[in-house]
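Morning, everyone. I'll put the chain on the screen and walk through it briefly. Hold your comments until the end, please.

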Amino acid sequence: MRSGVFLLLLAALTCGLARGDDGEGEELQVETLVKPETCSVLSTMGDTLRIHYTGKLMDGKVIDSSLSMDPLVVELGKRTVIAGLEQSLVGVCEGQKIKATIPSHLAYGKKGYPPTIPGDAALEFEVEVVSLTQQTSWQKMVNDVLPLVCLALVPTLLGLVGLYLYKKANVEKPSKKKAKDKKSKKK
């Protein structure tokens with residue numbers, strides 16, 4: 001009996017792994033097209049980049065571009081762009097050009113972005129980093145410490161509200177009979 005259950009579970013697990021049609025096994029690929037001679041500062045989470053980009057489907061159809069506009073401002077870690085593009089921008093320097101091949105699960109996923117981007121579409125972005133501004137220590141504190149402080153405050157405030165309500169509920173309320181007795185004693 002035990003071996004039958006074990007084999008059934010093993011078969012189910014094997015079938016689930018073999019299916020693998022969700023595309024999450026695919027990885028982000030980043031190719032450097034142009035790297036400046038001097039690259040002293042690499043981007044990290046929290047830095048602000050100004051980029052020009054051209055996004056394409058894998059068949060070459062252009063889906064979006066910033067070349068006719070001002071550069072796009074991207075603050076790494078704020079999720080202002082798709083996950084794959086943001087990940088490809090970590091570790092680049094000012095003046096660098098990259099080509100990122102982004103699998104669908106790091107782009108728009110199974111649903112896509114109709115009508116421009118079909119579901120399960122991998123994308124290719126060519127990106128030029130126009131400028132790179134590192135986060136200041138103040139920005140780092142606001143981005144890293146403030147959310148943790150807020151996270152700590154929420155349970156604390158909820159606990160204080162609960163304590164207040166508990167104490168309020170357990171306060172002995174004067175009954176009407178006691179109130180009448182007090183009035184009759186005063187007379």
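Of the 187 residues in this chain, 25% are buried. Keep in mind that this is a predicted model. The accessible surface comes to about 13800 Å². Carbon and sulfur atoms account for 60% of that surface.

Now the fold. The chain has 4 helices and 6 strands. Follow the sequence and you read α-β-β-β-β-α-β-β-α-α. How do the contacts spread along the chain? Take those between residues at least 6 apart in sequence: 68% of them join residues at least 24 apart.

Next, strand E5, which runs over residues 97-102. I'll take two residues from this strand, Lys97 and Thr101.

Lys97 first. Is Lys97 buried, exposed or partly exposed? Its relative accessible area is 34%, and the cut-offs are 20% and 50%, so Lys97 counts as partly exposed. What does Lys97 touch, once neighbours within four places in sequence are left aside? One run of partners is Glu31, Thr32, Leu33 and Val34. Val127 and Glu128 complete the list. Tyr53 is worth a look here too. Tyr53 and Lys97 are 44 residues apart in sequence, yet their C-alpha atoms sit 9.5 Å apart in space.

Now Thr101, also in strand E5. Thr101 has a relative accessible area of 18%; buried means under 20%, so Thr101 is buried. Residues up to four places away don't count in its contact list. That leaves Glu27, Leu28 and Gln29, then Met58, then Leu123 and Glu124.

On to the pockets. The largest one holds about 200 Å³ of space. Which residues line the largest pocket? Tyr53 is back, as part of that lining. With Tyr53 come Ile63, Asp64, Leu72, Val81, Ile82 and Leu85. Tyr108, Tyr113, Thr116, Ile117 and Phe125 make up the rest. By class, that lining has 10 nonpolar residues, 1 polar and 1 charged. Asp64 is the charged one and Thr116 the polar one.

Last stop, residues 145-166. An unreviewed UniProt entry annotates this stretch as "transmembrane region". What does the model show over residues 145-166? The stretch is 100% helix and 0% strand. From end to end, the C-alpha atoms are 32 Å apart. So much for the tour. Comments now, please.

Definitions and conventions
Residues numbered from 1 in each chain as written. Predicted model: local features only at pLDDT ≥ 70, side-chain atom pairs only at ≥ 80, totals over all residues. Heavy atoms only, no water. UniProt positions renumbered as here; feature names shortened; annotations may be inferred. 1 Å grid on protein atoms, 1.4 Å probe; cavity = no way out; pocket = protein on both sides within 12 Å on 5 of 7 lines; lining within 4 Å. Points joined across faces, edges and corners; volume = space filled by probe spheres on them. Buried < 20%, exposed > 50% of the residue type's maximum accessible area, 1.4 Å probe, protein only. Contact = heavy atoms within 4.5 Å. Areas by Shrake-Rupley, 256 points an atom, 1.4 Å probe, with all protein chains shown as cover.
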